[in-house]
Amino acid sequence: MNKLGTVIAFTMRNKMRSKAFLISTLVLILLVVIGGNVPYLINKFGGDKTRSVGYVEGQYPEIVQGLRTLYAKQEKPDVKLENGASDEKQLKAWVEDGTISGYLTFTDNPAIGFPSAIYHSKSALGSDTSQSLQIALQEIKNDFVLKDAKLSDEQKSRLNAPIAFQNEQVTDGSGKTAEEQGTAIGLTYVIVILLFMSVMISGQLIATEITAEKSSRVMEIIVTSVSPLAQMFGKVIGTFVVAILQIAGIVGALVINLNLPHNADALQGFGIRLDTVDPAMIVYTVVFFLTGFFLYAMMFAAVGSIVSRTEDLGQAVLPITMLTIVGFYVAMFGLTHPDSPLIVVCSFIPFFSPFLMVLRVGLAEPGWWEIALSIGILLVSILVLGWLSAKIYRTGVLMYGKRPSVKELVKAMKAYKV
Amino acid sequence: MNPLKVERVVKQYGDKTAVNGLSFEVSEGEIYGLLGANGAGKTTTMRMVLGLIFPDGGDIRYFGKPYSKEQLSMLGYLPEERGMYPKIKVSDQIVYLAQLRGMSRKDAEANLRKWLDKFQVPEYYDKKVEELSKGNQQKIQFIAAVIHNPRIVILDEAFSGLDPVNVELLKTTVKELRDNGTSIVFSTHRMEHVEELCRNITIMHKSNPVLQGPIREIKKKFPQERVILSADAPISGLETVPGVVSVVRHEHGYELKVREPETAQAVLRHALAQGPVRRFELMEPTLNEIFIKTVGENHE
């Protein structure tokens, strides 16, 4: 046990001292600080910008007039109509030089008694401006039609008022509100990304380090001083602690920034409230994070041990990288479909369950036995894979030359009696 | 009780035998030479002694006890392929390796300083390994093998790639270790080092021990068939002496191959008849010759 501690301490010390680690941590924290303030910045600068829109009124001056009155009534209009263009050619030139964002033209549409409007701008896709124009035009059309119906103003406003519609989750306890759901999606997203990144980065680091020890032949001395098991787990645990410290720093920076008063308001505007986070979610996150990390770290360690040259490593870890990427993308799909059979099935497959069970806990309502079963399967596979990885490691570190095939590896295992 | 006793160890890799029934013993304060061509099974033998791989048959005893994890701290190993962590400070990695061998941090630091002083490079303590020259990296590697005061040290090609000054320095150090009672298993291709350092040797060939015993006795088994002769005046007609196989004239004398030691006396008489002889020696076979003879003969 003492030697395990020595390996852990050595691994941690060298990681934390390396310039690459310090710089990358600082850069990530800086990015998080900037990212944490993005909601505030969007609100500040993006929200109330007024865009200029030109028009060719043709035979419908009353529609353009209607738009004008409508936007004039708004407190902070996001569209301003620019007149003075003689023809479409000039409008096009204005779009080119940025004087206006785009312009409207109208064509007859006798079927509904209201002309079709076309918004011309640099982007063919809908924008906030085109949406705003569409809503405004809809209202004007309603006014046109209702003019003859002789409705009172009160009736008109009742007709125009949008209906209330809300999604609520069905659960045995109290359902999640939209606000909670929004927070859960955001949180799950962050957790899945963090897990994916730390597994990939730490896993690659572990594999690279082991291969480097092998190719620099320092391995020969180490394997004669300490049992391969202590060495492998020391490295995995050491890297894990460093990764956790790094993540703690980053998450800490993020939480502090999100809780700053100006950001908290902005977040609430997006329907994300940090105080609605379920404590059980945090516990499950930690559990799946731990298990997921160790599962992958051990596989990376085993692969690192069978490769003798760092150049060959990328190819050798590809299968594991693919596994994490598949898990990640299935999880991304699951963010919007947490109850699909694919997600449910994959949440029991050990390589994917760290990503997907966290997602289901956050977004769906899996039964407690489902969570327990998933964790159980995960723990058993960690034990099995840990045992297998240790065996591979024990054999791999002594094998030099070209990357061994599975057959050669099994043969060597028998020969070394591991 | 001898520190290291290897008894009839056998190791097979699949259907290939790597070591076939090798036995030897190393006593306290002895350097034991393990010789053999490339692929003869030396490294496998050393790995078995180090406990990295277990023999399929036979037995290895350390001070009479079988292998266990406790044995690790009394073993020191200098692998043939050298390597350290290039980007880590000398002190950090040597202390780490010493700690893995069960030494306390403080003792390891003190011992490292002592060794660096001994090699007259105390300033390397805070240097990274990649900043050192190859020869100096070797010194650091050597320190890594012996820092924890092991009772049994395994040196695989200890002096390869060193300049003559450093070879001398390390050779002196190895002798000091021997005189302090350390048992050393020594493998090399340089026969003159073996002759200088080792008492007993094993020559391995294709997994089998082919020649074993004290160097002096091994040499006695091989006939003396080389004669060095030098005189003031040139000597003619040496090749006509019966029993002489070949004559090579060097700048300062002759080197003759004779069929049997008795022929040498006839050569001496022949030379004396022509004038005074300054040097006459019936040479023992060198280990180099013995090695080539033993291994080379059944080399395919």
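# Exercises on helix packing, sheets and the chain interface

Helix 2 of chain B crosses helix 3 of chain B in a right-handed sense. The model used throughout these exercises is a predicted one.

**Exercise 1. Describe how helix 2 of chain B packs against helix 3 of chain B, giving the angle, the axis separation and the residues that meet.**

Solution. Two packed helices are described by the angle between their axes and the distance between the axes. Begin, then, with the geometry: helix 2 (residues 90-100) and helix 3 (residues 105-118) of chain B pack at about 125°, and their axes are 9 Å apart. The next step is to classify that angle, and helix 2 of chain B is therefore oblique to helix 3 of chain B. Turning to the residues, Ser91(B), Ile94(B), Val95(B), Ala98(B) and Gln99(B) of helix 2 of chain B meet Arg105(B), Ala108(B), Glu109(B) and Leu112(B) of helix 3 of chain B. Sorted by class, this contact between helix 2 and helix 3 of chain B comprises five nonpolar, two polar and two charged residues.

**Exercise 2. Carry out the corresponding analysis for helix 1 and helix 10 of chain A.**

Solution. The axes of helix 1 (residues 2-17) and helix 10 (residues 228-259) of chain A come within 8 Å and cross at roughly 40°, which means that helix 1 of chain A is oblique to helix 10 of chain A. The handedness of the crossing between helix 1 and helix 10 of chain A is right-handed. On the side of helix 1 of chain A, the contact residues include Leu4(A), Val7(A), Ile8(A) and Thr11(A), while helix 10 of chain A contributes, among others, Phe233(A), Gly234(A), Ile237(A) and Val241(A). Taken by class, the contact of helix 1 with helix 10 of chain A holds ten nonpolar, five polar and three charged residues.

**Exercise 3. Which strands stand at the edges of the four-stranded sheet of chain A, and how are its strand 1 and strand 2 paired and connected?**

Solution. First establish the order: the open sheet of four strands in chain A runs 2-1-3-4, with mixed pairing. Strand 2 and strand 4 (116-121) of chain A are the edge strands, each having a single partner strand, so one side of each is left without a neighbour in the sheet. From one strand to the next the twist averages 30°.

Next, take the pairs. Strand 1 (residues 51-55) and strand 2 (residues 79-81) of chain A pair in the parallel sense over three bridges. The chain passes from strand 1 through helix 4 (residues 61-73) to strand 2 of chain A, a β-α-β crossover that is right-handed. Within this pair, Arg51(A) has Val79(A) of strand 2 of chain A as its bridge partner, and Val53(A) stands opposite Leu81(A) of strand 2 of chain A. Strand 1 of chain A also pairs in the parallel sense with strand 3 (residues 102-107) of chain A, over three bridges, and Gly54(A) faces Tyr103(A) of strand 3 of chain A there.

Finally, place the helices. Helix 4 of chain A lies across strand 1, strand 2 and strand 3 of chain A, at about 135° to strand 2 of chain A. Helix 5 (residues 88-97) of chain A also packs on the sheet, where it touches strand 1, strand 3 and strand 4 of chain A and makes about 150° with the direction of strand 3 of chain A.

**Exercise 4. What is the strand order of the six-stranded open sheet of chain B, and which strands does helix 5 of chain B touch?**

Solution. The order of the six strands is 5-6-7-3-8-9 in chain B, and the pairing is mixed. Strand 5 (75-78) and strand 9 (208-214) of chain B occupy the edges with a single partner strand each, so one side of each is left without a neighbour in the sheet. The twist from one strand to the next averages 15°.

Inside the sheet, strand 6 (residues 152-156) and strand 7 (residues 183-187) of chain B pair in the parallel sense over five bridges, and the bridge partner of Ile152(B) in strand 7 of chain B is Ser183(B). Helix 4 (residues 134-146) of chain B packs on the sheet against strand 5 and strand 6 of chain B, its direction making about 160° with that of strand 5 of chain B. Helix 5 (residues 164-179) of chain B touches strand 3 (31-36), strand 6 and strand 7 of chain B, at about 145° to the direction of strand 7 of chain B.

**Exercise 5. How many residues of each chain are in contact at the interface of chain A with chain B, and which helix of chain A gives the most to it?**

Solution. The contact involves 20 residues of chain A and 24 residues of chain B. On the side of chain A that touches chain B, helix 1, helix 9 (218-223) and helix 18 (406-416) of chain A each supply at least two residues, and helix 9 of chain A gives the most, with five residues. By class, this side of chain A has nine nonpolar, six polar and five charged residues.

Key:
Residues are numbered from 1 along each chain as its sequence is written. Chains are lettered from A and ligands numbered from 1 in the order in which they are written. This is a predicted model: local features need pLDDT of at least 70, side-chain atom pairs count only at pLDDT 80 or more; totals for chains, interfaces and linings use all residues. Two strands pair if DSSP finds at least two bridges between them. A crossover is right-handed if, with the strands pointing away from the viewer, the path from the first strand over the helix to the second runs clockwise. Axes are lines fitted to C-alpha atoms, for helices over the stretch in contact, and angles run from 0 to 180 degrees between N-to-C directions. Angles under 35 degrees count as roughly parallel, over 145 as roughly antiparallel, 65 to 115 as roughly perpendicular and the rest as oblique. A crossing is left-handed if the near helix is turned anticlockwise from the far one by less than a right angle, and right-handed if clockwise. Two residues are in contact if their C-beta atoms, placed from the backbone, lie within 7 Å. Ala, Val, Leu, Ile, Met, Phe, Trp, Tyr, Cys and Pro count as nonpolar, Asp, Glu, Lys and Arg as charged, and the others, Gly among them, as polar.
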